[in-house]
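Reader: I would love a close look at one part of this protein, namely its charged side chains and how they pair up. Could you walk me through it?

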Amino acid sequence: NAYFKYKWGVILKPYFEKIFNIAFANNFDANDELLVNLKHYPQYLYKYRTCDKEYNFEMIEQEYLWADLPNTFYDPHDSLINLRLISEMPQIKKWLWNHFGELLYYCIPPKGMQPHKNGRTLQTYIDAQSKFCDSRGRYSAQRAKKIMTLETKKLNPKNRQAIQKVYDYFESPAFEEKTEPIIQKALSDFVNSLRKDKLVCCLTARNDNKKMWEEYSEKYEGFVIEYDITQAVNDDKLLSLISHIFPVSYYKRMPRVPLLPFFEHKFYLDLYGRKIDISESVKKLYKQLLCKNYDYRAEEEWRLIADTNRIPFPLISAVYAGYKISDENLNKLKKYCSVNGIPLYKQVVNTLNGNIIFKVVE
């Protein structure tokens, strides 16, 4: 509705943008007012659990959250990077062609020039790369080969053969077909490492989502753990942790991650051993952890981004058992909840209208 759009666009979105930037820079300060503004978070967050793993019960007894790799999640598309390589190939190829002089200089330093890391002589060579272009300014491998043939002839037969392969590759009529899979793999390896490096714990703002009870709690045979975020108000360590929790955004068309900066990074790193600043692009990449397909919007998901699997989170305020839970598993919940004085509820189904309510388990 209009109020929610206003609240999200004017208040919540700017707030979480600031929080994300602080988290990305790893520059948290427990005294920062951003870290204690709990009014922007739901009072309760929930975790759906099954009864088939003992550690799900231990999460109640020992009060911790468990973060995992996104590629292990239920949704196979979770945290996939929207590469859109095909649409960006012309831009990447243009950039590559404009730096072809550097590639050739790296392969065959012209006679009399210093090694390729010498900035002045390298720039002289780069400035001459316009010779490799036709009258329209398009790269011509034939012209490049002709110009560099003189330099190639000065090499010994073994090096000459290696350079010939470089020429053949760039002058091939199937240059794009050859280049695309190589660039695809290099970029995919780089950006998809996100799914292996960062750990994510998924929470939700709802404990009554029927689809989630079916998919994440064994079709009502499991349980849901409730966390009261407001209990962290005077705990700096927990507040800092909560500041790593972000709302998930749902898209019909996933936001694009620009690829050229990653390609530039790899180019300069491999060629010169020099790193360039691509922090803004990496930040956009990390935001993919907080994006999901629009079909999942009813989950109202929040995500904790972590560097470790086991996260102490002593904010449990209640546990809700599914109406199909076995007596054995319900007794387990009673045991663990009673130890920590946690209220336990169980779903009860109204046989007349099918409505589900929660009743206290004594």
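Which side chain meets that of Asp-208 in a salt bridge? And please take me on from there to the other pairs.

Author: Happy to! One thing to keep in mind as we go is that this is a predicted model. The partner you ask about is Arg-206: its side chain and that of Asp-208 meet in a salt bridge, with 3.1 Å from N to O. How covered are these two residues? Asp-208 has a relative accessible area of 45%, so it counts as partly exposed. Arg-206, at 25%, is partly exposed as well, because the partly exposed class runs between 20% and 50%.

This pair belongs to a set of eight salt bridges. Another of them joins the side chains of Lys-283 and Glu-280, at 3.3 Å from N to O. Here the helix helps you find your way: both residues sit in α13, which covers residues 279–286, and being three residues apart they are separated by about one helical turn. Lys-283 is buried, with a relative accessible area of 12%.

Now let us turn to Glu-301 and Arg-303. These two form a salt bridge whose closest N and O atoms are 2.5 Å apart. Glu-301 has a relative accessible area of 4%, so it is buried. Arg-303 is buried too, with a value of 0%. If you have the model open, follow the contacts outward from this pair, as Glu-301 and Arg-303 are part of a network of salt bridges that also links Lys-292 and Glu-299.

Since you work at the bench, you may also wonder about the cysteines. A disulfide is a covalent bond between the sulfur atoms of two cysteines. The structure holds zero disulfides. Two cysteines to look at are Cys-291, which counts as buried at 7% relative accessibility, and Cys-337, which is likewise buried, at 2%.

To end with a contrast to the charged pairs, have a look at a nonpolar patch on the surface. Tyr-323, Val-349 and Ile-356 make this patch, and its area is about 200 Å². You will find Tyr-323 in the loop that lies between strand β10 (316–321) and helix α14 (327–340). With a relative accessibility of 32%, Tyr-323 counts as partly exposed. That value also lets Tyr-323 qualify for a patch, because patch residues need over 30% relative accessible area.

Methods:
Residues are numbered from 1 along each chain as its sequence is written. This is a predicted model: local features need pLDDT of at least 70, side-chain atom pairs count only at pLDDT 80 or more; totals for chains, interfaces and linings use all residues. Side-chain values use heavy atoms; hydrogens and water are left out. Patches are made of residues with over 30% relative accessible area and no salt bridge: like charges are joined within 9 Å, nonpolar side chains (Val, Leu, Ile, Met, Phe, Trp, Tyr) within 5 Å. Accessible areas come from the Shrake-Rupley method with a 1.4 Å probe; for residues, only the protein chains shown count as cover. A salt bridge is a side-chain nitrogen of Lys or Arg within 4 Å of a carboxyl oxygen of Asp or Glu. Helices (H or I, at least four residues) and strands (E, at least two) are DSSP runs, numbered from the N terminus. Buried means under 20% relative accessible area, exposed over 50%, partly exposed in between (1.4 Å probe, protein chains only). A disulfide is a pair of cysteine sulfur atoms within 2.5 Å.
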